[in-house]
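This report introduces a single protein chain to a reader who has not met it before. The structure is shown first, and selected features are then described in turn.

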Amino acid sequence: MAGQRVEVDGGIMEGGGQILRVSTALSCLLGLPVRVQKIRAGRSTPGLRPQHLSGLEMIRDLCDGQLEGAEIGSTEIRFTPEKIKGGIHTADTKTAGSVCLLMQVSMPCVLFAAFPSELRLKGGTNAEMAPQIDYTEMVFKPIVEKFGFRFNCDIKMRGYYPKGGGEVIVRMSPVKQLNPINLTDRGSVTKIYGRAFVAGVLPFKVAKEMASAAVRCIRKEIRDLYVNIQPVQEPKDQAFGSGNGIIIIAETSTGCLLAGSSLGKRGVNADKVGIEAAEMLLANLRHGGAVDEYLQDQLIIFMALANGVSRIKTGPVTLHTQTAIHFAEQLAKAQFTVKKSENEDDASKDTYIIECQGIGMTNPHL
């Protein structure tokens, strides 16, 4: 199976953990041995961190592959995949490393396994620098399922920075192929809703303050919609450690979902957290895209694998998205084009169409 090793430069573009996730997932799917060099070369702590290591080990276990050079601080790994198996797989970041990022790397792979999978992911569920699990459930899941598969996401325990301790169980069955998607018609906003949470030692009033500050901020710009943000106290037996945060979702007439979210940090007042999430949502609504800035890069690998032409309309194309496209083209040989939207409604906005001719990956086991 092992042919020529593909060289991946981990120091270009986004230059972080994302290159590792995209390249090892594609390596696993396509049976391409890879060598990734200059891993996180420009970061303040270069090389592999615990959360990257747990993601790599999970991919290795998913396909009985061989992994060399995988230790904390390493800037080069070699990965030789074998065939993808289903079954139960566990990954534990041992830190507040994000379970959502573990899900991002493993999900495309297990779609092409021989039989159903159960992924037991441990770490942070609501962590900085990563999607919150609520985003994964409320935005990513319904949209990514348009590619023609379903998954179940069971949040056993929520975990926050710095301790982690969260656990999520993801169950999914393999597919023969992925359908292409078309998300180019945003429609009009019909609903805005969300949840503002506190966990552990933080008082419930913090959740209420985040929610009301967010509602006030949104009302300044969108007056004709009821904004329903529920303040939530996470049950003691379902949250490890303390944390607070908020996610706000706008749903449109065509079924698009766009979000803004924010996490509390020590010394940051609750109003500010609520306002930050509200402003992020409003910014995502202003650009006229059908997906928000966090979903765009998460869809690229699925578009690359799908059988046919996918199109998504986005706001400004993020560096994460450009990076995902680069490696999907290099490794999977999918063809992408990114063009300014020609729709007259978008003329004044920074709106783009990302189009991809997918490779029509077929599950060899089904």
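## Strand pairing around S2

In this predicted model, strand S2 and strand S4 (residues 77-80) are paired in the antiparallel sense, with three bridges between them. Arginine 35 of S2 has arginine 78 as its bridge partner in S4. S2 also pairs with strand S1 (residues 6-9), in the parallel sense and over four bridges. Here the bridge partner of glutamate 7 is arginine 35 in S2. The chain passes from S1 through helix H1 to S2, and this β-α-β crossover is right-handed.

The side chains of S2 (residues 34-37) alternate along the strand. Val34 and Val36 point to one face and are buried, whereas Arg35 and Gln37 point to the other face and are not buried.

## Serine 27 in helix H1

Helix H1 spans residues 17-30 and contains serine 27. Is this serine buried or exposed? Serine 27 has a relative accessible area of 1% and is therefore buried, the cut-off being under 20%.

When residues up to four places away in sequence are left out, serine 27 touches Leu32, Val34, Phe79 and Pro81. Of these, Val34 belongs to strand S2, where its side chain is buried.

## Aromatic pairs

Six aromatic pairs are found in a search of the whole structure. Tyrosine 160 and phenylalanine 197 form a stacked pair, with 5.8 Å from centre to centre and 25 degrees between the planes. This pair links distant parts of the chain, its two residues being 37 residues apart. Tyrosine 160 lies in the loop between strand S7 (151-159) and strand S8 (166-172), while phenylalanine 197 is in strand S10 (residues 189-199).

Tyrosine 160 counts as buried because its relative accessible area is 3%. Phenylalanine 197 is likewise buried, at 1% relative accessibility.

## An aromatic cluster and charges over rings

One aromatic cluster is formed by Phe140, Phe147, Phe149, Phe151 and Phe302. A lysine is placed over one ring of this cluster: lysine 141 lies over the face of phenylalanine 151, at 5.4 Å from the ring centre.

A further arrangement of this kind involves lysine 163, whose charged end sits over the ring of phenylalanine 240 at 5.6 Å from its centre.

Terms used
Residues numbered from 1 in each chain as written. Predicted model: local features only at pLDDT ≥ 70, side-chain atom pairs only at ≥ 80, totals over all residues. Heavy atoms only, no water. Buried < 20%, exposed > 50% of the residue type's maximum accessible area, 1.4 Å probe, protein only. Contact = heavy atoms within 4.5 Å. Phe/Tyr/Trp six-rings, centres within 6.5 Å; stacked < 30°, edge-to-face > 60°. Lys NZ or Arg CZ within 6 Å of the ring centre and 35° of its normal. Pairing = 2+ DSSP bridges. Right-handed = clockwise from strand over helix to strand, strands pointing away.
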